[in-house]
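Visitor: I would like to go through this model term by term. Please give the reason for each label as we go.

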Amino acid sequence: RRAFVAEIDPEMYAEYERVRRSTRDGIAICLLSEEAGKEVCSGCFVCVPAYIAEKVHAKKELVHCENCSRILR
């Protein structure tokens with residue numbers, strides 16, 4: 001784990017740890033799932049707006065769920 005963490009951008013890792021500590025279950029990263037033709041956060045199962053889903057698919061920045069604040073992937 002230490003070797004892997006050493007390769008991650010420190011700012012991204014700090015953000016990951018902040019989100020991980022703020023959740024009850026310790027899960028910081030959730031997948032974007034498709035349910036009934038809509039994209040939902042797999043952490044809270046709330047529909048994600050199209051503009052958020054587009055940012056996630058672009059993979060240019062860390063994007064958070066507007067409902068649960070987890071990082072979307």
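Guide: What follows is a set of questions on a predicted model, each label being set against its criterion.

Visitor: What makes up the chain, in helices and strands?

Guide: The chain has three helices and five strands. Read from the N terminus, the order of elements is α-α-β-β-β-α-β-β. Along the principal axes, the C-alpha atoms fill a box of roughly 40 × 30 × 15 Å.

Visitor: How do you know that β2 and β3 pair?

Guide: Pairing needs at least two bridges between the strands. Strand β2 (residues 32-35) and strand β3 (residues 38-41) are joined by four bridges, so the criterion of at least two is met. The two strands run antiparallel, and Glu35 stands opposite Lys38 in β3.

Visitor: What makes Ala36 stand out in the hairpin of β2 and β3?

Guide: The hairpin has two residues between the strands, and Ala36 has a positive phi near 55°. Most residues other than glycine have a negative phi. The value for Ala36 is positive in a residue other than glycine.

Visitor: Why is Ala36 called exposed?

Guide: Exposed means over 50% relative accessible area. Ala36, in the loop between β2 and β3, has 85% relative accessibility and therefore counts as exposed.

Visitor: Which phi does Lys59 have, and why does Lys59 count as exposed?

Guide: Lys59 is not a glycine, yet has a positive phi of about 55°. Lys59 lies in the loop between α3 and β4. Its relative accessibility is 72%, so Lys59 counts as exposed under the cut-off of over 50%.

Visitor: Why are β1 and β4 described as standing at the edges?

Guide: Three strands form an open sheet in the order β1-β5-β4, with mixed pairing. β1 (29-30) and β4 (63-64) each have a single partner strand, so one side of each is left without a neighbour in the sheet.

Visitor: How do you know that β4 pairs with β5?

Guide: β4 and strand β5 (residues 71-72) share two bridges in the antiparallel sense, so the requirement of at least two is met. Val63 has Leu72 in β5 as its bridge partner.

Visitor: Why is Arg70 called buried?

Guide: Buried means under 20% relative accessible area. Arg70 is in the loop between β4 and β5, and its relative accessibility is 9%, so Arg70 counts as buried.

Visitor: Which residues does Arg70 touch?

Guide: Leaving out residues up to four places away in sequence, the contacts of Arg70 include Val19, Thr23, Asp25, Ile27, Gly43, Cys44 and His64. The C-alpha atoms of Arg70 and Tyr16 are separated by 8.8 Å, with their positions 54 residues apart along the chain.

Visitor: What makes up the largest nonpolar core?

Guide: Eleven residues make up the largest nonpolar core: Cys30, Leu32, Cys41, Val48, Ile52, Ala53, Val56, Val63, Cys65, Cys68 and Leu72. Helix α3 (residues 50-58) gives the most to this core, with three residues. Val48 touches Leu32, Cys41, Ala53 and Leu72, among others, when residues up to four places away in sequence are not counted.

Visitor: How many of the residues count as buried, as a percentage?

Guide: Of the 73 residues of the chain, 25% count as buried. The accessible surface of the chain is about 5,500 Å², and 52% of that belongs to carbon and sulfur atoms.

Visitor: How far apart are the mean positions of the positive and negative charges?

Guide: For the 12 positive and 12 negative charges of the chain, the mean positions are 5 Å apart.

Definitions and conventions: Residues are numbered from 1 along each chain as its sequence is written. This is a predicted model: local features need pLDDT of at least 70, side-chain atom pairs count only at pLDDT 80 or more; totals for chains, interfaces and linings use all residues. Side-chain values use heavy atoms; hydrogens and water are left out. A nonpolar core is a set of buried Ala, Val, Leu, Ile, Met, Phe, Trp, Tyr and Cys residues joined through side-chain atoms within 4.5 Å. Buried means under 20% relative accessible area, exposed over 50%, partly exposed in between (1.4 Å probe, protein chains only). Contact means heavy atoms within 4.5 Å. Accessible areas come from the Shrake-Rupley method with a 1.4 Å probe; for residues, only the protein chains shown count as cover. Lys and Arg count as positive and Asp and Glu as negative; His and the chain ends are not counted. The place of a charge is taken as NZ of Lys, CZ of Arg, CG of Asp or CD of Glu.
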